[in-house]
Amino acid sequence: MSDIKIAPSILSADFANLGEEVRRIDEAGADYIHVDVMDGHFVPNITIGPDVVKALRPHTKKTFDVHLMISPVDPYIESFAEAGADIITIHPEAGAHYHRTLQAIKAMGKKAGISLNPGTPTSVLDHVMDLVDLVLVMTVNPGFGGQKFIPLLDKIKDVHARIQASGRDIDLEVDGGVNEDTAKQVIAAGANVLVAGTATFKGGPEHYAENIKKLRG
Ligand code: DX5
Ligand code: ZN
């Protein structure tokens, strides 16, 4: 049994039928439901807010993996926590005090994630490893689905080594351009959670289960 988790990004789902799409990927074997939240300011695209997360919550019991690409982020932590997020991931550039933001997520009883843009050094992890439950390595610049994978494999290995050294149970998630081929590379570099939008939803609902299975490697 593979210990790789697949987190389909609903950014590539049919937005007019999100509840049904979430039920479909749940049944197709998704481990986490990856929710990309964008504000048109921190990233050049606008997606969804806490009310949509709340509306989707009754459609699945799977882990809601909420990726916040918003700035400021602190004023919204409570709403996403109350809406039903299980993991809340933030970008260190989204506020002046990301240690405090991570503390706020933990204080809400949620798992805390930190996301590294392609240009963000792994040294941002230096003093927060005791607070994080997930490190997300972005292999595209955030904002849109369907972009080309940036092969930051040494960076993923570096994060993997840091997680091992921490002795803590921390997910290493990779997000952006993950498909059947790049999945193998990121798994070999140490990733255990793969976000996949385009690769999960391609071909329509009858392909979701097969698409997810292929990504597990
Ligand atoms: C990018 C998002 C990703 C993205 C993944 O800003 O964080 O989750 O939608 O999409 P694909 O898998 O299509 O690259
Ligand atoms: Zn994402």
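This is a dialogue between a trainee and a mentor on reading features of a predicted model.

Trainee: Where should I begin with strand 2, and is it buried or exposed?

Mentor: Begin with the accessible area of each residue, where buried means under 20% relative accessible area. In strand 2, seven of the seven residues are buried, so the strand is largely enclosed by the rest of the structure.

Trainee: Which residues of strand 2 lie on each side?

Mentor: In a regular strand the side chains alternate between the two faces of the sheet. Here Y32, H34, D36 and M38 lie on one side of strand 2 and I33, V35 and V37 on the other, and both faces are covered.

Trainee: In what sense do strand 2 and strand 3 pair, and over how many bridges?

Mentor: The two strands pair in the parallel sense over seven bridges, and within this pairing Y32 stands opposite T63 in strand 3. The chain passes from strand 2 through helix 2, residues 50-56, before it reaches strand 3, and this β-α-β crossover is right-handed.

Trainee: What can be said of strand 7 and its residues?

Mentor: The reading is done in the same manner, beginning with burial and then turning to the faces. Strand 7, residues 171-175, is mostly covered, with five of its five residues buried. D171, E173 and D175 point one way from the strand, whereas L172 and V174 point the other way, so that the acidic side chains here are to be read as buried ones, given the cut-off of under 20%.

Trainee: Which strands pair with strand 7?

Mentor: Strand 6, residues 134-138, pairs with strand 7 in the parallel sense over five bridges, and D171 of strand 7 is the bridge partner of L134. Between these two strands the chain crosses through helix 5, residues 153-166, in a right-handed β-α-β crossover. Strand 8 also runs parallel to strand 7, to which two bridges join it, and there V193 is the bridge partner of E173. Strand 7, helix 6 (residues 180-188) and strand 8 likewise make a right-handed β-α-β unit.

Trainee: What lines the largest pocket, and which residues lie nearest its centre?

Mentor: For a pocket, take the volume, then the lining, and then the elements that supply it. The largest pocket holds about 320 Å³ of space, and of the 27 residues that line it, G145, G146, G176, G177 and G197 lie nearest its centre. Strand 2, strand 3 (63-69), strand 8 (193-196) and helix 7 (198-201) are the elements that give two or more residues to this lining. By class, the lining has 12 nonpolar, 12 polar and three charged residues.

Trainee: How many aromatic pairs are there, and what is the geometry of F201 and Y208?

Mentor: Ring centres and the angle between ring planes are read together, with planes over 60 degrees apart counting as edge-to-face. The count comes to one aromatic pair: the ring centres of F201 and Y208 are 5.0 Å apart and their planes stand at 75 degrees, so the pair is edge-to-face. Both F201 and Y208 are buried.

Trainee: Where is the cis peptide bond?

Mentor: The omega angle is what to inspect, and the bond from S71 to P72 is cis, with omega near 0 degrees. P72 itself lies in the loop between strand 3 and helix 3 (77-83).

Trainee: Is E20 buried or partly exposed?

Mentor: E20, which has its place in helix 1 (residues 18-27), is partly exposed, with a relative accessible area of 34%.

Technical notes:
Residues numbered from 1 in each chain as written. Chains lettered and ligands numbered in written order. Predicted model: local features only at pLDDT ≥ 70, side-chain atom pairs only at ≥ 80, totals over all residues. Heavy atoms only, no water. 1 Å grid on protein atoms, 1.4 Å probe; cavity = no way out; pocket = protein on both sides within 12 Å on 5 of 7 lines; lining within 4 Å. Points joined across faces, edges and corners; volume = space filled by probe spheres on them. Helix = DSSP H or I, 4+ residues; strand = E, 2+ residues; numbered from the N terminus. Nonpolar A, V, L, I, M, F, W, Y, C, P; charged D, E, K, R; others polar. Buried < 20%, exposed > 50% of the residue type's maximum accessible area, 1.4 Å probe, protein only. Pairing = 2+ DSSP bridges. Right-handed = clockwise from strand over helix to strand, strands pointing away. Phe/Tyr/Trp six-rings, centres within 6.5 Å; stacked < 30°, edge-to-face > 60°.
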